[in-house]
Amino acid sequence: MNVETNYETRIVNYALQTSGFYPLRAMQRWLIDTHFNKAKSTMMNAGALVKVDASIDLERLARAATDLLSAYDIFHVRLIFHPGTDDLCQRFDGEVEPVTVEKISDEEFEVRKKNLMEPYLLINRPLYRFYIFETPTAKYMYADFYHAIIDGTALMILFWRELEMRYRGKKITRQPLKYADFILDELKVSPEELAEGNRFWRETLRGFNETNHLPPPDIENPEAWRQNNLIFDIENITHKYFAKVDCAENVFFLAASMLAIAKNADVKKSIMSWIHNGRNTAQERRLMGIMIEQFPISWDFTEDLSVEEFLSGLSAKIQTGMRYRRSLGTVYDEGLEDDCATFIFQKRALGALNEMIFIGKPAEMIDLPLNEISAVENSLDIELNLDEDKYFIELDYDASRYSETAMEKFAAIFNEIVLALQDESRMISTILEG
């Protein structure tokens, strides 16, 4: 039985015997362990400041927010060291403080805005913040959640939608699903199945090193994990292309990412990660909490093949990896993909960041600038966004490793490969060597 199984079995036994203690899911442990390396940073904050319409009743909004936060166990969560094992685990019995409206001057708000996004104190503390402000000229709400308790899908699709419903006084008839129950149900997996998945993931990541499987760094800076991001247009392709081909967008752009990294590093093998929202069933799609997973993926280009063969094979490899989701704890716990570049595809994400409709009225998303406590989670995140019919690539990268020039070079290579991949008969070797 592997380390992952031992840890979870031990905590589950205590949970059943002493009531109230639950293991951290593997992804949660990995995010928290990553954060401990930069404990004073805001790298795990998922926050947004929104200027809402003047017609919004802020007291009603505060009541709706309090009711919503109270309804789901994930917002009651507290991280605790288990008294029987000293392992970090979680309880779901914390108090939810009522959300209130804070009335301040515009000048005071400008000062307050600079300190809204702060690092989380993790042990036995609330892992979210929800503030409502009213100034003489505007109304605002600020929501910030620790990433190890919730993901973007839950926030954008579940949280904001239900906040609107509660504000409008609509009856919530569906009983909230408990994240604690999902944790225990997820652990119902045999040691044999876990072991098979462990072997698969170790083989997938075998041979990874930063020299061959990341863009070559062009900066040496002791201030590691310094965050920066750049956005580039994706040229030569629109959303309409995928209506006439038998290839999913996420597979196509993941393929482009893998080839871009291999070409940038001048190697014949690509090893990286890709993000899945972790919601495969109707029940999981309704679950308020963190469900995303970071799946390793690799491909050896030594044996040449066509674009069509590569895209088809990559799609099959993704599906195989999905079968071993419950063994990802080994990947996280052994740090097998800690330094991998990561790909994520998000539809219409940029538009959502700039503007939104909240309770039937336009609302403005206000950017909070990066500061001295900002840090990046991975060496390089390749985030592909679709806004209307236009694709954008956002590179969120460690600026202590890479300059803007290096990222501009990577984006140019990515654009070239996107064009090349539209010729399904083309050989991959000509893309890597061309």
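The legends below describe close-up views of a predicted model.

**View 1. The six-stranded open sheet and its edges.**
In this predicted model, six strands form an open sheet of mixed pairing, arranged in the order S8-S15-S14-S11-S9-S10. Strand S8 (227-233) and S10 are the edge strands, each of which pairs on one side only, and from one strand to the next the twist averages 25°. Within this sheet, strand S14 (residues 380-387) is joined to strand S15 (residues 390-398) in the antiparallel sense over eight bridges, with Asp 381 standing opposite Asp 396 in S15.

**View 2. Strands S9 and S10, with helix H7 lying across them.**
Strand S9 (residues 269-276) runs antiparallel to S10, and eight bridges join the two; in this pairing Ser 273 is found opposite Pro 296 in S10. Although S10 is an edge strand that pairs on one side only, strand S10 (residues 293-300) is mostly covered, with seven of its eight residues buried. Helix H7 (residues 191-204) lies across both S9 and S10, and its direction is at about 55° to that of S10.

**View 3. The crossing of helices H9 and H14.**
The axes of helix H9 (residues 249-265) and helix H14 (residues 404-420) come within 9 Å and cross at roughly 125°, an angle that makes H9 oblique to H14. The crossing in which H9 passes H14 is right-handed. On the H9 side the contact is made by Phe 252, Phe 253, Ala 256, Ser 257, Leu 259, Ala 260, Ile 261, Lys 263 and Asn 264, while H14 contributes Lys 409, Phe 410, Ile 413, Phe 414, Glu 416, Ile 417 and Val 418. Sorted by class, the residues of this contact of H9 with H14 comprise 11 nonpolar, two polar and three charged.

**View 4. The packing of helix H9 with helix H11.**
Helix H9 also packs with helix H11 (residues 307-323), their axes coming within 10 Å and crossing at roughly 105°, so that H9 is roughly perpendicular to H11. The residues of H9 that make this contact are Val 251, Phe 252, Leu 254, Ala 255, Met 258 and Leu 259, and those of H11 are Phe 310, Leu 311, Leu 314, Ser 315 and Ile 318. The contact of H9 with H11 divides into 10 nonpolar residues, one polar and no charged. Phe 252 and Leu 259 of H9 are listed both in the contact with H14 and in the contact with H11.

**View 5. The surroundings of His 213.**
His 213 lies in helix H8 (residues 210-213) and has a relative accessibility of 5%, which is why this histidine counts as buried, the cut-off for that class being under 20%. Leaving aside its neighbours within four places in sequence, His 213 is in contact with Gly 207, Phe 208, Ile 261, Lys 269, Ser 270 and Ile 271. Of these partners, Ile 261 is also one of the H9 residues in the contact with H14, and Lys 269, Ser 270 and Ile 271 fall within strand S9 (residues 269-276).

**View 6. The three-stranded antiparallel sheet.**
A further open sheet is formed by three strands in the order S1-S4-S3, with antiparallel pairing. Strand S1 (22-23) and strand S3 (78-81) stand at its edges, each with a single partner strand, so one side of each has no neighbour in the sheet. Four bridges connect S3 with strand S4 (residues 88-91), the two running antiparallel, and Phe 81 is placed opposite Leu 88 in S4.

**View 7. The enclosed helix H2.**
Helix H2 (residues 26-36) is largely enclosed by the rest of the structure, because nine of its 11 residues are buried. The buried residues of H2 are Ala 26, Met 27, Gln 28, Arg 29, Trp 30, Leu 31, Ile 32, Thr 34 and His 35.

**View 8. The crossing of helices H3 and H5.**
Helix H3 (residues 58-71) packs with helix H5 (residues 152-167) at an angle of about 125°, their axes lying 9 Å apart, and the two helices are therefore oblique to each other. H3 passes H5 in a crossing that is right-handed. The contact involves Arg 60, Leu 61, Ala 64, Ala 65, Asp 67, Leu 68, Leu 69 and Ala 71 of H3, together with Phe 159, Glu 162, Leu 163, Arg 166 and Tyr 167 of H5. By class, this contact of H3 with H5 has nine nonpolar residues, no polar and four charged.

Terms used: Residues are numbered from 1 along each chain as its sequence is written. This is a predicted model: local features need pLDDT of at least 70, side-chain atom pairs count only at pLDDT 80 or more; totals for chains, interfaces and linings use all residues. Side-chain values use heavy atoms; hydrogens and water are left out. Buried means under 20% relative accessible area, exposed over 50%, partly exposed in between (1.4 Å probe, protein chains only). Two strands pair if DSSP finds at least two bridges between them. Axes are lines fitted to C-alpha atoms, for helices over the stretch in contact, and angles run from 0 to 180 degrees between N-to-C directions. Angles under 35 degrees count as roughly parallel, over 145 as roughly antiparallel, 65 to 115 as roughly perpendicular and the rest as oblique. A crossing is left-handed if the near helix is turned anticlockwise from the far one by less than a right angle, and right-handed if clockwise. Contact means heavy atoms within 4.5 Å. Ala, Val, Leu, Ile, Met, Phe, Trp, Tyr, Cys and Pro count as nonpolar, Asp, Glu, Lys and Arg as charged, and the others, Gly among them, as polar.
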